[in-house]
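Good morning, and thank you for joining this session. Please look at the sequence and the model for a moment before we discuss them together.

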Amino acid sequence: MAYTMGRPFASLSNAGIALKLPESDRAALLGEARGYPLRYDPDDPPSKSYTVLPEESYGPGRERLEKMLAASIAFCQAQPLKPKRRRKN
């Protein structure tokens, strides 16, 4: 996981690079460019938050990847922080 200001915005796993994106960017990625919802395991339900980027997004021309990373970081920084959980002793 990659974090910004304590908030996760990206996942790198055997599934590929997945980003948490605003709904409009997520819908465009799912619709146009072979992006798909993150699943760490084929039996897992698809993520409602993270979208796996198609491999061509992080190839030689990285402008698209940089733009999507910036969008993901900005989106996650704008989200309210979740309150910290109190530990049970």
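**Pockets, a helix and the chain around them**

Let us begin with the largest pocket, whose lining consists of 18 residues; those nearest its centre are Arg 7, Pro 8, Lys 20, Pro 80 and Lys 82. The elements β2, α1 and α2 each give two or more residues to this lining. I should say at once that we are looking at a predicted model. The space in this largest pocket comes to about 460 Å³. How do the residues of its lining divide by class? Seven are nonpolar, three are polar and eight are charged.

A word on how such spaces are found. A probe the size of a water molecule is rolled over the atoms, and this shows where empty space is left.

The second largest pocket has a volume of about 180 Å³. Its lining is made up of Leu 21, Asp 25, Ala 28, Leu 29, Glu 32, Arg 64, Lys 67, Met 68 and Ala 71. At least two of these lining residues come from α1, and at least two from α2. In terms of class, the lining of the second largest pocket contains five nonpolar and four charged residues, and no polar ones.

Let us now step back to the whole chain. The protein chain contains two helices and five strands. In what pattern do they follow one another along the sequence? The order is β-β-β-α-β-β-α. Taken along the principal axes, the C-alpha atoms fill a box of roughly 50 × 30 × 20 Å. The chain has 89 residues, and 30% of them count as buried. If we take the contacts between residues at least 6 apart in sequence, 52% of them join residues at least 24 apart.

We turn next to helix α2, which covers residues 63–78. Does its length agree or disagree with what its 16 residues should span? At 1.5 Å a residue, helix α2 should span 22 Å, and its end C-alpha atoms are 23 Å apart, which agrees.

Which residues of α2 are buried? They are Leu 65, Met 68, Ser 72 and Cys 76. Viewed down the axis of α2, these buried residues fall within an arc of 70°, and therefore they line one face of the helix. Against what do they pack? Their partners are the strands β1 (2–4), β2 (7–13) and β3 (16–20), together with helix α1 (23–32). On the face of α2 turned away from the buried side we find the exposed residues Glu 63, Lys 67 and Ala 78. Two residues of this helix thus bring us back to the second largest pocket: the buried Met 68 and the exposed Lys 67 are both among the residues that line that pocket.

Finally, I would like to point out two individual residues. Glu 23 has its place in helix α1. Is Glu 23 buried or exposed? Its relative accessibility is 54%, and because the cut-off for exposed is over 50%, Glu 23 counts as exposed. Along the chain, Glu 23 and Gly 6 are 17 residues apart, and their C-alpha atoms are separated by 21 Å.

The other residue is Pro 42, found in the loop between β4 (36–37) and β5 (50–52). Pro 42 also counts as exposed, with a relative accessibility of 66%. Between the C-alpha atoms of Pro 42 and Leu 19 there are 18 Å, and these two residues are 23 residues apart along the chain.

Thank you for your attention.

How values were computed
Residues numbered from 1 in each chain as written. Predicted model: local features only at pLDDT ≥ 70, side-chain atom pairs only at ≥ 80, totals over all residues. Heavy atoms only, no water. Helix = DSSP H or I, 4+ residues; strand = E, 2+ residues; numbered from the N terminus. Expected span 1.5 Å × (residues − 1). Buried < 20%, exposed > 50% of the residue type's maximum accessible area, 1.4 Å probe, protein only. Arc of directions from axis to C-beta. Contact = heavy atoms within 4.5 Å. 1 Å grid on protein atoms, 1.4 Å probe; cavity = no way out; pocket = protein on both sides within 12 Å on 5 of 7 lines; lining within 4 Å. Points joined across faces, edges and corners; volume = space filled by probe spheres on them. Nonpolar A, V, L, I, M, F, W, Y, C, P; charged D, E, K, R; others polar.
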